[in-house]
Every structure is written in structure tokens, then in C-alpha cells.
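Work through the exercises below with the model open. Each task is followed by a stepwise solution.

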Amino acid sequence: MQRIRLRYTKRGRLRFTSHRDFQRAFERALRRAEVPMAYSAGFTPHPKVSYANAAPTGTGSEAEYLEIALTEARDPERLRLLLDESLPAGLDVVEAVEARTSGLADRLTASVWELRLDGVESAEAEAAVAAFNAAPAVEVQRRTKNGVRTFDTRSAVAHLESLTTHGSPADRPTDRPCAILRLVVRHVTPAVRPDDVLSGLRAVADLAPPVPAAVTRLAQGLFDEETGAVTDPLAPDREAEAPVPHPAAASAAAKAPA
């Protein structure tokens, strides 16, 4: 059995796609591309697809990950192209590697998010960010299936800043004032989402954008506590690829006496 790990995106209007909608679209793409999928056992077999930490509905993403199991070996790049052609524009498969290490989900410990706040002046956003960063704790409430829950958002935020540039991949251009926030959020329990951070900014600085924020996940991976960087979770699989011998070296090895 071969395992392939994929990175895909949710762009433009497709950011409103729910995780369940994406699952259905992806399974249709697997059938169209005639991927030799491995299936689970039991009365209702289903393709062996493992999804990791999907972004909330309504948020864009450049870094969603999943893993599929195949019954026959396939070239990862060729498979990526076939799946990308079978999915609607906006749900784009941008990277594929053969899984040569274990624990992809364990390497997704933090996310880098960008929040575009249309109608908010940069100075107002900078003041709110300063207040949030200076607070020892920022408690917010969220309604869950078990009722309203109160939790601290500040401890999960490893980094929060207001950007001065407007060079952003977020997909809601506007002529109105616009503030852009960049934050790194650790994946903790309960999960702290970008809208929870916005609730925290409202609590500590009364920051209330006049329209919903455009939220895009730029990256997710292993969080480096020393540097504050979020590393590429597929890098260990690339590094573990078997090296291809140089033609001259291979020829020399073939001629060497036993």
C-alpha cells in the first residue's frame, strides 16, 4: 500500500465550502481520476482518506492537508495533476509527496492566519493588537454543543501583529480603509480560532470591524518555540526520499568486482 500526502487550498468563493462538502467533492475527484484507492473493510467500505485539521467554513486557506492510501503505486506529481483537474477551481491540489514518515497530524501544531479587516484604520488595529499582546489573559465565550464555554485566547496566540503593507493574498480587495493582521495560533484544546481572537480584540480594545473579516490560513505545521516559525509539515517526507544515484556512480558500482 502506498500513502500520498496532499496539500490543497480553499480560495475565493470556495472558502465557504464546508468540510463535508469538500469530502464529497474530493471523493468524486478520486473516481474521475481513477485513483486506485484502498478501501476500509466492513458493510460500508469507504476510501481511506485521512483529513488533518480542516479550516473552519468561511475561511480561505493555502495550507490544508490530507493523506490517501493506494493499492497501486503512482507518481505523486502525476496524481496531483489528475486530482487538481478533477476539482473545481478554488479547491486546488498544489503539492503531493509520498508519505515516508509517520505522524503528519502530529506535525500540525500551529497555524499562520491573515485577517483582513475592511473599514478598520491601521492605527486602530495597532492599538488593539498592543492591548491584546499586553494582556496576561483574554477570555472569550463560545457556544458549543455542550453549552457556552469560556476560555483564554491569549495563551494560544504565539504572535500577533498589524501589518503595514497591503500585499496580501486575502481575497477581498476594497478601496475603503483596511487593516491586516497576521497571527500565529497554537493548536490547543479547546481550539482557538481566528474569530475567537477577533472576539478577544473586541473585549480588550472594543475593535469591531463594520463587515466580517476575510480570514486566510497561510500555513500550518510544527511550531518552533525558539524561532517562532511554523515549519513545512511535508519537509520530512521530502528529505526521506531515496536518493537517485548519479549515472557515473551507478556504472562504477556495476563494474566493481564482487
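**Exercise 1: The nonpolar cores**

The largest nonpolar core in this predicted model has 27 residues, and those with the most contacts inside it are Leu115, Leu117, Leu160, Leu181 and Leu201. Find the elements that give two or more residues to this core, then list the contacts of Leu160.

Solution.
1. Start with the strands. E5 (110–118), E8 (157–163) and E9 (178–186) each give two or more residues.
2. Add the helices. H3 (122–134) and H4 (194–205) do so too.
3. Select Leu160 and leave aside its neighbours within four places in sequence. Leu160 is then in contact with Val129, Phe132, Asn133, Leu181, Arg182, Leu183 and Leu201.
4. Now look apart from this core. Another core has 21 residues, among them Phe22, Met37, Leu70 and Leu79.

**Exercise 2: The pairing of strand E3**

Determine which strands pair with E3, in which sense, and over how many bridges.

Solution.
1. Take E1 (residues 2–10). E1 pairs with E3 in the antiparallel sense, over 8 bridges. One partner pair is Gln2 with Leu70 of E3.
2. Take E2 (residues 49–52). E2 and E3 run antiparallel and are joined by 4 bridges. Here Ser50 has Glu67 of E3 as its bridge partner.
3. Take E10 (residues 214–223). E10 and E3 pair in the parallel sense, over 2 bridges. Arg217 in E10 stands opposite Ser61.

**Exercise 3: The surroundings of E3**

Why is strand E3 (residues 60–70) described as largely enclosed?

Solution.
1. Apply the cut-off: buried means under 20% relative accessible area.
2. Count: 11 of the 11 residues of E3 are buried.
3. Conclude: E3 is therefore largely enclosed by the rest of the structure.

Methods:
Residues are numbered from 1 along each chain as its sequence is written. This is a predicted model: local features need pLDDT of at least 70, side-chain atom pairs count only at pLDDT 80 or more; totals for chains, interfaces and linings use all residues. Side-chain values use heavy atoms; hydrogens and water are left out. Buried means under 20% relative accessible area, exposed over 50%, partly exposed in between (1.4 Å probe, protein chains only). Two strands pair if DSSP finds at least two bridges between them. A nonpolar core is a set of buried Ala, Val, Leu, Ile, Met, Phe, Trp, Tyr and Cys residues joined through side-chain atoms within 4.5 Å. Contact means heavy atoms within 4.5 Å.
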